[in-house]
Amino acid sequence: MPYRPPLRDDPMSYFITSFINILHFISDDLIQCDATTRVAELFCDEFDDLDFELALCCFEATHKVAFADRLWESEADDYEELTIEEFIEAYVDQREQRD
C-alpha cells in the first residue's frame with residue numbers, strides 16, 4: 001500500500017496508515033493488508049499473536065499514544081472481526097503519553 005500523507009485534521013488516518021506500515025515491517029512484508037482488512041485475517045503461519053502484540057507496542061512507542069486499557073482486558077474474539085481502521089478508531093487513546 002503506497003504511503004499517503006495524513007490529512008491535517010484527521011490524525012486517525014495517520015495512525016491507521018502507520019499501524020499498517022508497522023504490520024508490514026514486522027511481518028517482513030509477508031502479510032499484505034490495508035485499512036479494510038479484518039484483524040483476524042492478519043494471523044497466519046508468518047504472523048501470530050506475539051507479532052501482533054509487538055506491532056501494538058511499536059505503535060505505542062512510535063506515537064507516544066496508548067491503546068485503551070479495555071483492549072488489554074479484552075479477548076481477541078472481541079476485536080478480531082473489526083477492520084484495522086475500526087480497531088484503531090475503537091482502541092487508540094489519542095492523548096500523548098508521558099511515561
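W72 is partly exposed, with 42% relative accessible area. Start there, and keep in mind that the model is predicted. The partner of W72 is F67: the two ring centres are 6.4 Å apart. Their planes meet at 85°, so this pair is edge-to-face. F67 itself is buried, at 2% relative accessibility. The pair thus joins a partly exposed ring to a buried one.

A second pair repays a look. Y79 and F87 sit 5.4 Å apart, centre to centre. The angle between their planes is 55°, and the pair is tilted. An angle over 60 degrees would have counted as edge-to-face. Y79 is buried, with a relative accessible area of 10%. F87 is buried too, at 1%.

These pairs belong to a wider set. How many aromatic pairs does the structure hold? The count is 16. Ring pairs tie twelve named residues into a cluster: Y14, F15, F19, F43, F47, F52, F59, F67, W72, Y79, F87 and Y91. F67 and W72 are both members. So are Y79 and F87.

Now step back to the chain. It has 99 residues, and 38% of them are buried. Four helices and two strands make up its elements. Their order from the N terminus is α-α-β-α-α-β. Helix 1 covers residues 11-26, and helix 2 covers 49-63. Helix 3 is residues 69-73. Helix 4 runs through residues 84-91.

Helix 4 has a clear pattern of burial. I84, F87, I88 and Y91 are its buried residues named here. Why do they fall on the same side of helix 4? They cover an arc of only 95° around the axis, and that places them together on one side. Two of these residues, F87 and Y91, are also in the aromatic cluster. E89 is another residue of helix 4. With 43% relative accessibility, E89 counts as partly exposed. Its C-alpha lies 9.3 Å from that of S13. In sequence, E89 and S13 are 76 residues apart.

Next, the loop between helix 1 and helix 2. D28 is in this loop, and so is D29. Most residues other than glycine have a negative phi. D28 has a positive one, near 60°. D29 also has a positive phi near 60°. Is D28 buried or exposed? D28 is exposed, because its relative accessible area is 62% and the cut-off for exposed is over 50%.

E46 is found in the loop between helix 1 and helix 2 as well. E46 is partly exposed, with a relative accessible area of 42%. E46 and D28 are 18 residues apart in sequence. Their C-alpha atoms are 9.1 Å apart in space.

Turn to the largest pocket. Its volume is about 190 Å³. Which residues line it? The lining consists of F43, D49, F52, E53, L56, L71, W72, S74, A76, Y79 and E80. W72, the starting point of this tour, is in that list. Y79, from the tilted pair, is there too. F43 and F52 line the pocket and belong to the aromatic cluster.

Two helices contribute to this lining. Helix 2 and helix 3 each supply at least two residues. Helix 2 gives the largest share, four residues. By character, the lining divides into seven nonpolar residues, one polar and three charged.

Last, the cysteines. A disulfide is a covalent bond between the sulfur atoms of two cysteines. A search of the whole structure finds zero disulfides. C58 is in none. The nearest cysteine sulfur to C58 belongs to C57, 7.1 Å away. The cut-off for a disulfide is within 2.5 Å, so this pair does not qualify. C58 is partly exposed, with a relative accessible area of 29%. C44 is partly exposed too, at 34%.

Definitions and conventions: Residues are numbered from 1 along each chain as its sequence is written. This is a predicted model: local features need pLDDT of at least 70, side-chain atom pairs count only at pLDDT 80 or more; totals for chains, interfaces and linings use all residues. Side-chain values use heavy atoms; hydrogens and water are left out. Buried means under 20% relative accessible area, exposed over 50%, partly exposed in between (1.4 Å probe, protein chains only). The arc is that of the directions from the helix axis to the C-beta atoms. Rings of Phe, Tyr and Trp (its six-membered ring) pair if their centres lie within 6.5 Å; planes under 30 degrees apart count as stacked, over 60 as edge-to-face and the rest as tilted. On a 1 Å grid over the protein atoms alone, a cavity is a set of points where a 1.4 Å probe fits but cannot get out, and a pocket is an open set with protein on both sides within 12 Å along at least five of seven lines; lining residues have an atom within 4 Å of a point. Grid points are joined across faces, edges and corners, and a volume is the space filled by probe spheres set on the points. Ala, Val, Leu, Ile, Met, Phe, Trp, Tyr, Cys and Pro count as nonpolar, Asp, Glu, Lys and Arg as charged, and the others, Gly among them, as polar.
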